[in-house]
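Here's a quick briefing to read alongside the coordinates. Have the viewer open and click along as you go.

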Amino acid sequence: MRIPDLYHYQKFDEGRLRQLLIGKRLYLSSPADINDPWDCQPHFDTRQVADPAYRAALADYFAELSKRMPGGSKTPEQVAADIEAIRTDPEAALQMLRSQSQGMREGIARQWRLYCLTPHIDSELMWAHYGNSHRGIALQYNGDGPLAQQVSQVSYFDHYPPFDFLGEAHAVLLAKSKAWAYEDEYRVIAWEKTYATRDAEVMITEENFAELKPGSLTGIVLGALASPATEEKMKALVAESGEELVVQRAVKLANRYGLTFKKVR
C-alpha cells in the first residue's frame, strides 16, 4: 500500500531551512524534546517478576547483555550471582528491572532521534501547535520518496502500554495516548552515530542531522498567517536551492472553518 505524501509542521527558521534546502541536512529531534511526557517513556509491568518463566527470560537477557557490554565495577563472579538472583528471587528481579528501566529512559534520549510527520496538511490544530500558530510552514515529502520509505506509523492507546523488556525496542517510540490520534502520526526513527551498531538498518544521525536524499522533499506550504516577508524569504531559499519545489500558502475559507491552498511558486 502506497504511503500518502507526508508533512512536517515547523516554525520558519531561515538558518535551519538553509541547512535543509541548500546543505541537504535534515534535523531530527531527541525524544527528550517531545511535548508529551508519556511519549518515548517505557512503562514496565513489574507484576511479571512473580512469573518464574519471565524471571528466567530476564536473567538470560542480562546474561547476554553482560557478554556484549563487559566491564563495570563488578567481578564476573558478582555478575553471575546477580543473574542467578534475578532468576530465583522476585525482589532481586524487580530491583534490576527498575534500575535498568531508568537507564533505558535516559538511553532513549541519548541514542534515538525522531522526525515526526502526518498525512494531513489541513489540520487547524497542528498548524496552531507545530506551525507557529499558522505563521510557520509545513514541509511536504513524497510518499514514494526515500524518506517516506523509512517511516513507521504511530499506534494510539487508551492505557499506557506495558513495555516488554525482552521485546521490540522500537515499540516504545511508536506508542502514544489516543488523545493524540488526530495527528495520525508517522515517524522516522534514527540512531545517533555514536551509539549505532555496524549492522544498523535505520537512519543514522550525527549530532541530530542526517542526509536528506534526493527525491524526498517535493514542496513547502506556508501557514495562513505567514507574513509576506516570510513568503519572499521562502521563495528565495527555494530558488537558491535549485530544487523544483512547489510553494503553496494556506488560505482561510471564507464561509466556514477550514483551509484551502493556493500555489505561490
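What follows is a short tour of the sheet, the ring pairs and a few individual residues.

Keep in mind that this is a predicted model. At its heart for this briefing is an open sheet of five strands, ordered β1-β4-β11-β12-β13. Elsewhere, β3 and β8 run antiparallel and are joined by six bridges. A search of the whole structure also turns up five aromatic pairs, and two of them get a closer look below.

**The five-strand sheet**

- The pairing in the β1-β4-β11-β12-β13 sheet is mixed.
- β1 (6–10) and β13 (259–263) are the edge strands, each pairing on one side only.
- Going from one strand to the next, the twist averages 30°.
- β12 and β13 pair in the antiparallel sense, with five bridges between them.
- Within that pairing, glutamine 248 sits opposite lysine 263 in β13.

**Helices on the sheet**

- Helix α1 (residues 14–21) packs on the sheet and touches β1, β4 (137–141) and β11 (217–222).
- The direction of α1 makes about 10° with that of β4.
- Helix α6 (residues 228–241) packs on the sheet too, touching β4, β11 and β12.
- For α6, the angle to the direction of β11 is about 165°.

**Methionine 234, on helix α6**

- Methionine 234 is found in helix α6, and its relative accessible area is 0%, so it's buried.
- Leaving out neighbours within four places in sequence, methionine 234 is in contact with Phe12, Leu17, Leu21, Ile137, Ile220 and Leu222.
- One of those contacts is isoleucine 220; its C-alpha atom is separated from that of methionine 234 by 8.6 Å, and the two are 14 residues apart along the chain.

**Aromatic pairs**

- Tyrosine 61 and phenylalanine 62 form an edge-to-face pair, at 5.2 Å centre to centre with 75° between the planes.
- The two partners fall into separate burial classes: tyrosine 61 counts as partly exposed because its relative accessibility is 27%, while phenylalanine 62 has a relative accessible area of 7% and is therefore buried.
- Tryptophan 112 and tryptophan 191 make a stacked pair, because their planes are at 5° and their ring centres are 5.0 Å apart.
- This stacked pair links distant parts of the chain: tryptophan 112 belongs to strand β3 (residues 112–117) and tryptophan 191 to strand β8 (residues 186–192), 79 residues apart.
- Both of these tryptophans are buried.
- They're matched at the backbone level as well, since tryptophan 191 is the bridge partner of tryptophan 112 in β8.
- As for the strand around tryptophan 112, five of the six residues of β3 are buried, so β3 is largely enclosed by the rest of the structure.

**Charges over rings**

- Arginine 16 lies over the face of tyrosine 27, 3.9 Å from the ring centre.
- Lysine 176 does likewise with tryptophan 180, at 4.4 Å from the ring centre.

**Arginine 249, on strand β12**

- Buried or exposed: which is arginine 249? At 10% relative accessibility it counts as buried, because the cut-off is under 20%.
- Arginine 249 is part of strand β12 (residues 246–252).
- What does the side chain of arginine 249 make a polar contact with? The partner is the side chain of glutamate 231, at 2.9 Å.
- Not counting residues up to four places away in sequence, arginine 249 touches a list of residues including Leu222, Ala226, Pro228, Glu231, Phe261 and Val264.
- Histidine 170 is 79 residues from arginine 249 along the chain, and their C-alpha atoms are separated by 36 Å.

**Histidine 8, on edge strand β1**

- Histidine 8 is found in strand β1, and its relative accessibility of 15% means that it counts as buried.
- Its side chain reaches the backbone oxygen of cysteine 116 at 2.7 Å.
- Setting aside neighbours within four places in sequence, histidine 8 is in contact with Tyr115, Cys116, Leu117, Ile137, Ala138, Leu139 and Tyr141.

Methods: Residues numbered from 1 in each chain as written. Predicted model: local features only at pLDDT ≥ 70, side-chain atom pairs only at ≥ 80, totals over all residues. Heavy atoms only, no water. Phe/Tyr/Trp six-rings, centres within 6.5 Å; stacked < 30°, edge-to-face > 60°. Buried < 20%, exposed > 50% of the residue type's maximum accessible area, 1.4 Å probe, protein only. Helix = DSSP H or I, 4+ residues; strand = E, 2+ residues; numbered from the N terminus. Lys NZ or Arg CZ within 6 Å of the ring centre and 35° of its normal. Contact = heavy atoms within 4.5 Å. Polar contact = N/O pair within 3.5 Å; in protein donor to acceptor, adjacent residues only side chain to side chain. Pairing = 2+ DSSP bridges. Axes fitted to C-alpha atoms, helices over the stretch in contact; angles between N-to-C directions.
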